[in-house]
Amino acid sequence: MRIETKCIQSGYTPENGEARVLPIYQSTTWKYGSTEQMGKLFDLEESGYFYTRLANPTNDAVAAKIADLEGGVAGILTSSGQAACFYSIFNICQAGDHFVCSASVYGGTFNLFGVTMKKLGIEVTFVDPDADEETLNAAFRENTKAVFGETIANPALVVLDIEKWAKVAHAHGVPLIIDNTFATPINCRPFEWGADIVVHSTTKYMDGHATSVGGVVVDSGKFDWEKSGKFPGLTTPDESYHGITYTEKFGKAAYITKMTAQVMRDLGSIPSPHNAFLLNLGLETLPLRMERHCSNAQAVAEFLEKDERISWVKYCGLENDKYNALAKKYLPNGSCGVISFGVKGGREAAVKFMDSLKLAAIVTHVADARTSVLHPASHTHRQLSDAELEAAGVTPDLIRFSVGIENVEDIIDDIRQALDQVNG
Ligand SMILES: *Cc1c(COP(=O)(O)O)cnc(C)c1O
């Protein structure tokens, strides 16, 4: 099946007389006929549902669909994108371990990795996403266990050279984990470029309607944990499961099974089945929406580029954007609907512009059907001084504009009238 078909058909196939649409199994638990049957489930000797924290048929169907869209072998839904990012690392790193991460990642991820995980004894080195192989290599240590980056960084809009990062990660015997939130599997499938694990904040385009916070982790099944020799948690017996060795018993599904059996069992960041159902509705129309998000964003970026009241525009779909060549390689059908730009006149003009928009709404969200806008200097980064903002790559005039799927002429008209207000 091609990807548009998978978005509709994958994950749930009703049998004769069953519900046509994926049912919501809003149940915490399942009933069994004997003590022994239930015992086997607890020992991972038989597969079956018994408690929603560990598995739920609605959640599983949606995870299987996303795994199929990414071209992976298994997936697991989490209650947020933050949880997905944390689980992807924590499944293979423990106190005393280290990992490498692109310096251009989502602010929440940057803090999770740099501050919170440090408190757990897991250290990270952030590396410039544009670094050459030599610089990237120099960040590795004896105890490095993973490499992490974003296909299109939020909000910096940097496109990662996935193939290069995968090559370096593999040379050190560790997997490359890619956060593919902004591109979605419609526009980029990181496994095709050598990535081993993919994570998403499904809160963004996948859900697409700003209804449900969620995340997912998908395994390509391609990383050879045994050959690497750096992951005893996967390749030696787990005493909390009667001595099961994940790679031996579950083969290509080892990483996701370990995540379910240990990390999800103990930390419990599961989505509600109802949220998984809403996510599934979003996935069904994802290819149509991404196409429109991208064509609208391209038109808005081209409009902004020509308007002399705009000081700069960042969008990898623009021919003279720094990341246009990488976008042509990794995102040939389009990137995403998020653009950043500066209004001439600095912070004051940016605020006036924002407050003059009528259709574009000021919200702490990106990547849904409605056009939305955020001024990081006044919102997400408001604690920082102008100097600190510059260092973080967030100039005081930066506006993050998430282009929705409305008629693009209405979006452009709104920007035009807001710019008139700034200058009027
Ligand atoms: C939003 C976002 C996250 C965090 O996801 P939540 O669903 O908000 O927890 C992680 N990575 C990227 C790229 C994001 O845009």
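**Exercise 1. Where is the kink in α12 centred, and about how many degrees is it?**

The structure is a predicted model, in which local features need pLDDT of at least 70, side-chain atom pairs count only at pLDDT 80 or more, and totals for chains, interfaces and linings use all residues. Residues are numbered from 1 along each chain as its sequence is written, and side-chain values use heavy atoms, with hydrogens and water left out.

Step 1. Locate the helix: α12 covers residues 254-267. Helices (H or I, at least four residues) and strands (E, at least two) are DSSP runs, numbered from the N terminus.

Step 2. Find the bend, defined at a residue as the angle between axes fitted to the seven residues ending there and the seven starting there. In α12 the kink is about 30° and is centred on Thr260.

Step 3. Check the span. The 14 residues of α12 reach 19 Å from first C-alpha to last, close to the 20 Å expected at 1.5 Å a residue; the expected span is 1.5 Å times one less than the number of residues.

Step 4. Look past the end: Gly268, just after α12, has a positive phi of about 70°.

**Exercise 2. Determine how many residues of α12 are buried.**

Step 1. Apply the cut-offs: buried is under 20% relative accessible area, exposed over 50%, and partly exposed in between (1.4 Å probe, protein chains only).

Step 2. Count: 11 of the 14 residues of α12 are buried. Among them are Ala254, Thr260 and Met264.

**Exercise 3. Describe the polar side-chain atoms around the ligand.**

Step 1. List the neighbours, meaning residues with a heavy atom within 4 Å. Of the 15 residues around the ligand, Asn154, Asp179, Ser201, Thr203 and Lys204 come nearest.

Step 2. Read the distances. A side-chain N or O atom of Asp179 is 2.7 Å from a ligand nitrogen. A polar side-chain atom of Asn154 lies 2.9 Å from a ligand oxygen, and for Lys204 a side-chain N or O atom is 2.6 Å from an oxygen atom of the ligand.

Step 3. Add the cover: taken alone the ligand exposes 380 Å², and the protein buries 92% of that.

**Exercise 4. Is Asn154 buried or exposed?**

Step 1. Place the residue: Asn154 is in the loop between β4 (144-150) and α7 (162-171).

Step 2. Classify: Asn154 counts as buried because its relative accessible area is 5%.

Step 3. List contacts (heavy atoms within 4.5 Å). Leaving out residues up to four places away in sequence, Asn154 touches residues including Tyr106, Phe182, Lys204 and Arg400.

Methods:
A polar contact is a pair of N or O atoms within 3.5 Å; within protein, one must be able to donate a hydrogen and the other to accept it, and residues adjacent in sequence count only if both atoms are side-chain atoms. Accessible areas come from the Shrake-Rupley method with a 1.4 Å probe; for residues, only the protein chains shown count as cover.
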